[in-house]
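Work through the exercises below with the sequence and the structure at hand. Each task is followed by a solution in steps.

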Amino acid sequence: MPEVTIQIGGRGFEVSCQEGEEAFLHSAAKMLDDEAQVLSDQIGRMPESRMLLMAGLMLADKAAGTDEKIRALEAKLAAVEEELYAVKNMPQPEPERIEVAVVPPSVTDTLAELAARAEALASVIEERSAE
């Protein structure tokens, strides 16, 4: 088991940890040291045991707040996942039926007559422009 020296509140501590856990231990020690530094700045010198107790309690308070946030976010995520599941599993809507009106024969005849007139006018214009 590796022995690691950590610094908390300006004091060194020898701590054992599992192989490969050294970086995590240093990270946790830094968090505790940061809290101890806040205490030291606010209160000044205090007994080591009291400083460690207070710093630990401050970290535990932060952890509890973080746990509450995580639970709230997990609940929100679960609700969103339920909503997404419901949307994905909704039955497909029935196809929308669109009715197209039938063009009456009189309109078709009128359009054909207009087209014939346009062609006749185009022919007249072509004849005159050729002259």
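**Exercise 1. Find which residues Arg11 touches, and whether Arg11 is buried or exposed.**

Step 1. Setting aside residues up to four places away in sequence, Arg11 touches Ile6, Arg45, Met46, Glu48 and Met51; contact means heavy atoms within 4.5 Å.

Step 2. The model is predicted: local features need pLDDT of at least 70 and side-chain atom pairs pLDDT 80 or more, while totals for chains, interfaces and linings use all residues. Residues are numbered from 1 along each chain as its sequence is written, and side-chain values use heavy atoms, with hydrogens and water left out.

Step 3. Arg11 belongs to strand β2. Helices (H or I, at least four residues) and strands (E, at least two) are DSSP runs, numbered from the N terminus.

Step 4. Arg11 is buried and has no salt bridge. Buried means under 20% relative accessible area, exposed over 50%, and partly exposed in between, with a 1.4 Å probe and protein chains only. A salt bridge is a side-chain nitrogen of Lys or Arg within 4 Å of a carboxyl oxygen of Asp or Glu.

Step 5. Glu48 has the nearest side chain of opposite charge to Arg11, 4.1 Å away. For charge, Lys and Arg count as positive and Asp and Glu as negative; His and the chain ends are not counted.

**Exercise 2. Describe how β1 is joined to β2, and which way the side chains of β1 point.**

Step 1. β1 and β2 (residues 11–16) run antiparallel and are joined by six bridges. Two strands pair if DSSP finds at least two bridges between them.

Step 2. Ile6 has Phe13 as its bridge partner in β2, and Gln7 stands opposite Gly12.

Step 3. The hairpin of these strands has two residues between them, and Gly9 takes a positive phi near 60° there.

Step 4. Side chains alternate along β1. Val4, Ile6 and Ile8 point to one face and are buried, whereas Glu3, Thr5 and Gln7 point to the other and are not.

**Exercise 3. State how many residues the largest nonpolar core has, and which elements give two or more residues to this core.**

Step 1. The largest nonpolar core has 14 residues. Such a core is a set of buried Ala, Val, Leu, Ile, Met, Phe, Trp, Tyr and Cys residues joined through side-chain atoms within 4.5 Å.

Step 2. Two or more residues come from each of β1 (3–8), α1 (22–43) and α2 (48–88). α1 gives the largest share, five residues.

Step 3. Ile6 and Ile8 have the most contacts inside this core. Beyond its neighbours within four places in sequence, Ile8 is in contact with Phe13, Ala29, Leu32, Asp33, Ala36, Met51 and Leu52.

**Exercise 4. Check the span of α2 and list its buried residues.**

Step 1. α2 has 41 residues, so at 1.5 Å a residue the expected span is 60 Å; the rule is 1.5 Å times one less than the number of residues.

Step 2. The end C-alpha atoms of α2 are 58 Å apart, which agrees.

Step 3. Met51, Ala55 and Leu59 are the buried residues of α2, and they pack against β1, β2 and α1.

**Exercise 5. Find how many salt bridges the whole structure has, and describe three pairs.**

Step 1. The whole structure has four salt bridges. Side chains of opposite charge can pair when their charged atoms come close.

Step 2. One of them joins Glu35 and Lys62, with the closest N and O atoms 2.5 Å apart. Glu35 lies in helix α1 and Lys62 in helix α2, so the pair ties together parts that are 27 residues apart in sequence.

Step 3. Glu35 is buried at 6% relative accessibility, whereas Lys62 is partly exposed at 49%. Apart from neighbours within four places in sequence, Glu35 is in contact with Ala55, Met58, Leu59 and Lys62.

Step 4. Another pair is Glu113 and Arg117, whose closest N and O atoms are 2.8 Å apart. These two are four residues apart in helix α3 (residues 105–130), separated by about one helical turn. Glu113 is partly exposed, at 45% relative accessibility.

Step 5. Glu99 forms a salt bridge with Arg97, with the closest N and O atoms 4.0 Å apart. Both Glu99 and Arg97 are exposed.

**Exercise 6. Find where Ala101 is placed, and whether Ala101 is buried or exposed.**

Step 1. Ala101 is in the loop between α2 and α3.

Step 2. With a relative accessible area of 68%, Ala101 is exposed.

Step 3. Ala101 and Ala64 are 37 residues apart along the chain, and their C-alpha atoms are separated by 68 Å.
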